[in-house]
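Subject: The structure you asked about

Hi,

Here is the structure I promised to pass on. Have a look at it first, and then read my notes below with the model open beside you.

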Amino acid sequence: MFEERSIRIAAWAACSTLALFTVLPFVWIVATAFKTANEINMWPPTFLPHAPTMENFHQLLHETPFLRYIFNSLLIAVGSTASIMLTSSLGGFVFAKYRFPLRGPLFMMILASAIIPLEAYMVPLYIMVFKVHMLNTYAALIFPLMIMTFGVFFMRQVIMSIPDDLLEAARIDGASELWIYLRIVVYLSNSGLMAIGVFAFTQAWANFIWPLVVVSSGDMYTTELGLAEYQRAFFTEYGPIAAGAVISIVPMLIVFALLRRHIMQGIATSGMKG
Amino acid sequence: MSGATQHLAAAPFARRSQLRRSWAQMRRNHIGFVVCALGPILALFVLIRIYPILETIRLSFYNYNITQRRNPFVGLSNYIRLFDDDPFRTALLNTIGFSVLSVIVTLALALTIAILLRSIEHTAATFELLFYIPVVIPWVPAAVIWKWIYDPAYGALNYVLSGFGVARLGWLQEPTLILYAIVLVSVWKLVGYFIVIYGVGLRSIPEELLEAASLDGATAWQKVVHIVLPLMRPIILFTVVTCTIICFNVFAPVYVLTASSQGAPAYDFKVVVGEIYQNGFVFYHMGYAGAQCVVVLLFVMSLLAVQFLAFREK
């Protein structure tokens, strides 16, 4: 876009500085997680651990059922992701490829509610869960994360680009609508579906306020909730806290590293259409 | 209308064939599949979105306490109470101040970097990846990372600043500093996402347009102001709305970074969602919390309206 040498140099300098700003805090917490308690409380601080130790992870797992938290988070994230992938692609398919009464108004209703944050309507959700005596259950934790309105919108955009002729040809060959969905639509929209899956997984994993509200017993804590409560109770023990932070970040980084292409493509095709 | 019914009554054959025709049309449109596929999704959607949103509004007119049997209608008194509620007013002002600052810094930085990245195109992808790392990190560990950096005694930030001769500061303990401390966390967390979004928008600007401007002797600055920014306007508007809503709902980092019941030494920085949490789920004043939720709803809706009107105007 700009070929001037001075701008290129400025761009390099600015981007390198920002990259240090975005990456260093992360490296810093990983380094801290492997330091001994003595080294953590040293002044001046050391950057890389002198004698790397797993002690902090041991202490964290000893003092809290953190493995249970991880399991809870994984279960919720997988359940939510599966539900969102199914409802988004099926809903997107129907809105993209069928004509039916009230299609426009229904779609507008879904779209309009997409931007309203969970925080704004979590009180009645809590009352519903309370009334059916489901507090502290996996069902309650997954419940508000079973659909993603943005996902329906996004999959509709993706599936609209599949040619109608293809679906019509399958119908002429006697394929049922369900077969068309499972064999043609899911297959051809799979990159978009992966993007929604990643999005759903990270959203469920990172969710904080809903578990905070709906869970009170320690063994139903998620990783995020467990970490937040642990660091409140033991705010001086930075070693195990850092270890917990690393544990809660790693799955996200793995998902991101494996599916980077889908994520970036997802943002590229939809980000500004919200 | 009446003419049509008369006509149908008079001609049963025509009516039957019309019914058959509309039935055939419905079959052609696979109405059965549509109902089976969309029905459960819409039911779920109503249950976990539409109903809770409407119920929030209804609750705000009641003195609702989940532990009580009687929950009387109280009209607007929850809303009247909002005006006299000092913690809520503080929370609202804090949240607005935080959002304004955070949105401006995040988006200005993201746009500048995204534009600069376009002049070093071959390394842009690597940089975008590095900028995206904090986006992937959930809010709780992100706040934990920064709590450690802000630590008054052993924190890295005070250490770095001591190199410039600045005395140790209590970033999370000083009421004036904690706002900036939380803004910095949110800029760190969000900037990478908006750089990627702006990057997509910038790549869609036709290269010939900029080349033509160069041939006419336009400077880089002129190209940005007269070509890039006007073309990016809808995307910028979209990001302002998205980023404002994210910031207005700030809660997890505040929960981690501020004082706790156990007495972690930090200033009690109040935000709107924190007040909703307190009133709704700590004191169980759910009607009152509902009124606070309606404030958030109205805020989000007005932002959407602004965006909608701005797009229509084009």
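Let's begin where the two chains meet: 79 residues of chain A are in contact with 77 residues of chain B. On the chain A side, helix H1 (residues 5–33) of chain A provides the largest share, 17 residues. Sorted by character, the residues on that side are 60 nonpolar, 12 polar and seven charged. Please keep in mind that this is a predicted model. For the complex, the predictor gives an ipTM of 0.92 and a pTM of 0.89.

Now to chain B by itself. How many helices and strands are there in chain B? You should find 14 helices and zero strands, so if you walk along the sequence you read α-α-α-α-α-α-α-α-α-α-α-α-α-α. Is chain B a compact globule, or is it more spread out? It is more spread out, because its radius of gyration is 27 Å, well over the 20 Å that the globule rule gives for 314 residues. Along the principal axes, the C-alpha atoms of chain B fill a box of roughly 100 × 75 × 30 Å.

Chain B is divided into domain 1 (2–59) and domain 2 (77–313). The C-alpha centres of these two domains of chain B lie 44 Å apart.

Next, the inside of chain B. Of its 314 residues, 40% count as buried. Among contacts in chain B with a separation of 6 or more, 69% are between residues 24 or more positions apart. The largest nonpolar core has 166 residues, and B:Ala143 and B:Phe194 touch the most other members. Helix H9 (residues 175–203) of chain B gives the most to this core, with 15 residues. If you would like to explore around B:Phe194, leave aside residues up to four places away in sequence, and you will see that B:Phe194 touches B:Thr106, B:Leu107, B:Ala110, B:Thr239 and B:Cys243.

Another residue to click on is B:Tyr277, which lies in helix H13 (residues 272–282) of chain B. Why does B:Tyr277 count as buried? The cut-off is 20 or more other C-beta atoms within 10 Å, and B:Tyr277 is buried because it has 20 of them within that distance. B:Tyr277 and B:Phe251 are 26 residues apart in sequence, and their C-alpha atoms are 9.3 Å apart in space.

Chain A has domains too: domain 1 (1–53) and domain 2 (64–273). Their C-alpha centres in chain A lie 32 Å apart. Seven residues of domain 1 of chain A are in contact with six residues of domain 2 of chain A. On the domain 1 side, H1 and helix H2 (37–40) of chain A each supply at least two residues, and H1(A) gives the largest share, four residues. That side divides into five nonpolar residues, one polar and one charged.

Finally, a word on confidence. The mean pLDDT of chain B is 88, and 92% of its residues reach 70 or more. Where in chain B is confidence lowest, and where is it highest? Helix H1 (residues 2–10) of chain B is lowest, at a mean of 46, while helix H5 (residues 86–117) of chain B is highest, at 95. Over residues 1–9 of chain B the pLDDT is below 50, and this stretch has two contacts in the model beyond near neighbours in sequence. Where pLDDT is low, the predicted coordinates should not be read in detail.

Enjoy exploring!

Best wishes

Conventions
Residues are numbered from 1 along each chain as its sequence is written. Chains are lettered from A and ligands numbered from 1 in the order in which they are written. This is a predicted model: local features need pLDDT of at least 70, side-chain atom pairs count only at pLDDT 80 or more; totals for chains, interfaces and linings use all residues. The radius of gyration is taken over C-alpha atoms; the globule rule is 2.2 Å times the number of residues to the power 0.38. A residue is buried if 20 or more other C-beta atoms lie within 10 Å of its own, exposed if 12 or fewer, and partly exposed in between; C-beta atoms are placed from the backbone. A nonpolar core is a set of buried Ala, Val, Leu, Ile, Met, Phe, Trp, Tyr and Cys residues joined through C-beta atoms within 7 Å. Ala, Val, Leu, Ile, Met, Phe, Trp, Tyr, Cys and Pro count as nonpolar, Asp, Glu, Lys and Arg as charged, and the others, Gly among them, as polar. Domain bounds come from an automatic or database domain assignment. pLDDT is the predictor's confidence in each residue, from 0 to 100.
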